[in-house]
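Welcome! Have the chain open beside you and try each exercise before you read its solution.

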Amino acid sequence: MWKLWSLALGEKASKKNNEADCVAVLRTIIFLTYLATNIFIIAGVVKHWNDETKIYIQIDGAKIGKPL
């Protein structure tokens with residue numbers, strides 16, 4: 001399973017298996033940080049998907065509109 005995962009991350013980085021495994025671990029860590037970041041972004045969008053923003057404007061001492 002590790003061999004398939006490391007090949008899925010990209011081509012083998014070195015002819016030495018030990019070095020190639022270290023590079024695959026680094027690529028896995030980078031992938032997991034990208035995945036976590038995207039999950040947080042999507043969660044924030046979903047959380048605020050249908051928020052209603054209410055804006056109240058209060059003007060003190062000003063007359064707005066036509067007098068009756």
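## Exercise 1: a residue in the loop

Lys-12 is partly exposed, because its relative accessibility is 46%; buried means under 20% relative accessible area, exposed over 50%, and partly exposed in between (1.4 Å probe, protein chains only). A note before we go on: this is a predicted model, where local features need pLDDT of at least 70, side-chain atom pairs count only at pLDDT 80 or more, and totals for chains, interfaces and linings use all residues. Residues are numbered from 1 along each chain as its sequence is written, and side-chain values use heavy atoms, with hydrogens and water left out.

**Task.** Find where Lys-12 lies and which residues it is in contact with, leaving aside neighbours within four places in sequence.

**Solution.**
- Step 1: Look between α1 and α2, since the loop there holds Lys-12; helices (H or I, at least four residues) and strands (E, at least two) are DSSP runs, numbered from the N terminus.
- Step 2: With neighbours within four places in sequence left aside, Asn-17 and Ala-20 are in contact with Lys-12, where contact means heavy atoms within 4.5 Å.
- Step 3: Go 11 residues along the chain from Lys-12 to Val-23, and you find their C-alpha atoms separated by 8.5 Å.

## Exercise 2: a residue in a helix

**Task.** Decide whether Thr-28 is buried or exposed, and list its contacts beyond four places in sequence.

**Solution.**
- Step 1: Place Thr-28 in helix α2, which covers residues 17-47. The chain has 2 helices and 0 strands.
- Step 2: Thr-28 counts as buried because its relative accessibility is 16%. Across the 68 residues of the chain, 7% are buried.
- Step 3: Beyond four places in sequence, Thr-28 is in contact with Trp-2, Trp-5 and Leu-9.
- Step 4: Follow one of these contacts, Trp-5, into helix α1. Trp-5 has a relative accessible area of 33%, so it is partly exposed.

## Exercise 3: the whole chain

**Task.** State how much area the chain exposes and what share of it carbon and sulfur atoms supply.

**Solution.**
- Step 1: The chain exposes about 7000 Å², with accessible areas from the Shrake-Rupley method with a 1.4 Å probe; for residues, only the protein chains shown count as cover.
- Step 2: Of that exposed area, 64% is supplied by carbon and sulfur atoms.
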